[in-house]
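The following exercises concern charged pairs, buried polar side chains, helix packing and backbone geometry. Each task is followed by a solution worked step by step.

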Amino acid sequence: MESSILESIGIEIIDVMSPVSICMLLVVLIVYSLSPSNPFSAAASAPPIRTAANLVYLENPSDSTVQKLEGSLLNALVFVIIVALVTFLLVLLYYYNCTNFLKNYMRFSAFFVLGSMGGSIFLSLIQQFSIPVDSITCFIMLFNFTIVGVLSVFAGGIPIFLRQGYMVALGIFVAAWFTKLPEWTTWTLLVALAVYDLVAVLAPGGPLKLLVELAQSRDEELPALVYEARPTVSQDMNNQGRSLDLLVGGVSDSRSVEMQAVSNNIINHNGSENRNFRNVEGSRNRDDIERSPLVVFSQGRRSSSSESSEYSTVVNSRASDIVADEERSPLVDMLAMETEREEIRRDSSENSVLASRGIKLGLGDFIFYSVLVGRAAMYDLMTVYACYLAIISGLGCTLILLSLCRQALPALPISIALGVIFYFLTRLLMEPFIVGTATNLMMF
C-alpha cells in the first residue's frame, strides 16, 4: 500500500515553523523593548525617513485618509518595480554564469545587514537598558559577530545550527528596520509583495520561476539567501542505488550476463538484495566467478567445503545456460524487471522528495512575516496573537500544498492574506467586543 507524502513532512514543518516563530517573537520583543523616543518606534514625533519603500510619498500623520492611501499605493508600486528589476538583473547574471559576482554580492549584503542594521539595533538596546560597555569592546564584539556571521552563512563545513541561527538573525534585523515604515505604507507594501511573490513564482516568465528553473537545470543551489530546514542529502547515495538497480534489472555497466545470473541466484537463495550487492560488485567477468564463486554468499550457508563446491557448480552451470541462450532470448524478462524497478524507484523518489532535499524557505518570507507581527505589536498583544496564528496557519497550508504539488511555491500570499485579514478583524471587531464585555464585568 502506497503511503501518503503527508506522513513524511511533519518533522519538516516543525523545522521550518520553529525558526519562523523565533524570528517573529524576537521582533516583537525588540518593538516592545525600545522606548517611544527610539528611532525604531512608530511615534508620531519621529521624523519620516526616506527609504526604498517610500521614495514617492512621505506619510505625515496630519494627512487625510485619501492622501495616505494614494501615497502608500504609489510607494508599494515603486518598491515592487524596483524589486522586480533587481530580481531580473540577478536572473540575467546567473544565466550568464556570473556566480562569483552573485556570491560576493550576497556576502556584502549579509555583512551590511549584520554590521550596520544589527549594530544600530545593538546600540539602541545598549542605550535603552544602560548596559555598561565601552565603545572599543562594543566595536570588537560587533566586528567578530559580523565576520563569523558571513562565514557561517556562506562558508562550507559550518554546523547547520550556526548557519540557521545567523539566517534568523538576518531576518530579525531587516524586519526590525521595516517596522520604521509608516502604518499605511507598511500594509500596502505587505499586500503588494504578496501579490508580486505569487506572480513571480507561478506566472510563466516570472523572475523567481526563471531562477528556480535555471538552478534545477544546472543542478545547483539557488543563488539566494535561503533557510534550509536541514542539510541536503548528498547525491552519491542516490547514484549508488541507481547503479545497483540497473545491475539487478539486467543491464550492468559492463554488459555482463554472468553477473546478472549471480545476482539472481543470490536473491533466490538468500532473499535479500541489500546484503548481496557487495558480493556482486566484486565480480566483473566470468573468470572471477569461476575462480571465486560467491565466497561471501557462502559464508552464512556452508557448513563444510563440499557444500561450498555444490553451490559453485550450480552457479556456474546456470551462468553457462544463460550465455548459451543469450542469442535466442535477448533479456526480455530482465528488461521488464528493469522497467518495473525503475517505475517503483521513481514513485518512491517522488514521495520522498521532501525527505531527501528538505524544505527551504526564502529569507524574505521570514522578514515580512515578522514585519506584519511587529506592526501588530505596535497596537496590542491581542492582535499579535491573532496575526501569529494566522501566519503559522498559512505557512502550514503552503507546506502541505508544496508536498502535493512537488514544485516551488510562494510562501507569502496565504500567510500575508490571513495575517492582514485577522489583524483588521481583531482590531475592528474582536478588540472592542472583548474590551467592552470586560469593562462591563460580563467577561473576566
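**Exercise 1. Determine the exposure and the salt-bridge partner of Lys-209.**

Solution. The model is a predicted one.
Step 1. Lys-209 has a relative accessible area of 24% and is therefore partly exposed, since buried residues fall under 20% and exposed ones over 50%.
Step 2. The partner is Glu-213, with 3.6 Å between the closest N and O atoms; this satisfies the 4 Å limit for a salt bridge.
Step 3. Glu-213, at 40% relative accessibility, is also partly exposed.
Step 4. Both residues belong to helix α7 (residues 207–218), where they stand four residues apart, about one turn of the helix.

**Exercise 2. State how many salt bridges the whole structure contains, and locate the pairs formed by Glu-183 and Glu-221.**

Solution.
Step 1. A search of the whole structure gives three salt bridges.
Step 2. Glu-183 pairs with Arg-427 at an N to O distance of 2.8 Å. Because Glu-183 lies in helix α6 (residues 183–202) and Arg-427 in helix α17, this pair ties together parts that are 244 residues apart in sequence.
Step 3. Glu-183 is partly exposed at 27% relative accessible area, and Arg-427 is partly exposed at 24%.
Step 4. Glu-221 pairs with Lys-360, their closest N and O atoms being 2.5 Å apart. This pair links distant parts of the chain, 139 residues apart: Glu-221 is in the loop between α7 and β1 (226–228), and Lys-360 is in strand β2 (residues 360–362).
Step 5. The relative accessible area of Glu-221 is 45%, which makes this residue partly exposed; Lys-360 is partly exposed at 34%.

**Exercise 3. Which backbone nitrogens does the side chain of Glu-59 reach, and why is no salt bridge assigned to Glu-59?**

Solution.
Step 1. Glu-59 is situated in the loop between α1 (10–33) and α2 (65–95).
Step 2. Glu-59 is buried, and the nearest side chain of opposite charge, that of Lys-68, is 4.5 Å away. A salt bridge requires the nitrogen and the carboxyl oxygen to lie within 4 Å, so the pair does not qualify.
Step 3. The side chain of Glu-59 reaches the backbone nitrogen of Trp-184 at 3.5 Å. A polar atom of the Glu-59 side chain also lies 3.5 Å from the backbone nitrogen of Thr-185.

**Exercise 4. Identify the backbone atom that lies 2.6 Å from a polar side-chain atom of Thr-426.**

Solution.
Step 1. Thr-426 is part of helix α17 (residues 412–439).
Step 2. With a relative accessible area of 2%, Thr-426 is buried.
Step 3. The backbone atom is the oxygen of Phe-422.

**Exercise 5. Describe how helices α5 and α15 pack.**

Solution.
Step 1. The axes of α5 (residues 160–178) and α15 (residues 363–377) are 8 Å apart, and the packing angle is about 45°.
Step 2. The two helices are therefore oblique to each other.
Step 3. The crossing of α5 and α15 is right-handed.

**Exercise 6. Place Ser-130 and Asp-219 in the fold, and assess their phi values.**

Solution.
Step 1. Most residues other than glycine have a negative phi.
Step 2. Ser-130 has a positive phi near 55°. Ser-130 lies in the loop between α3 (99–129) and α4 (135–154) and is exposed at 60% relative accessibility.
Step 3. Asp-219 likewise has a positive phi, near 55°. Asp-219 lies in the loop between α7 and β1 and is exposed, with a relative accessible area of 66%.

Note on methods:
Residues numbered from 1 in each chain as written. Predicted model: local features only at pLDDT ≥ 70, side-chain atom pairs only at ≥ 80, totals over all residues. Heavy atoms only, no water. Buried < 20%, exposed > 50% of the residue type's maximum accessible area, 1.4 Å probe, protein only. Lys, Arg positive; Asp, Glu negative; His and termini not counted. Polar contact = N/O pair within 3.5 Å; in protein donor to acceptor, adjacent residues only side chain to side chain. Axes fitted to C-alpha atoms, helices over the stretch in contact; angles between N-to-C directions. Parallel < 35°, antiparallel > 145°, perpendicular 65-115°, else oblique. Left-handed = near helix turned anticlockwise from the far one by under 90°.
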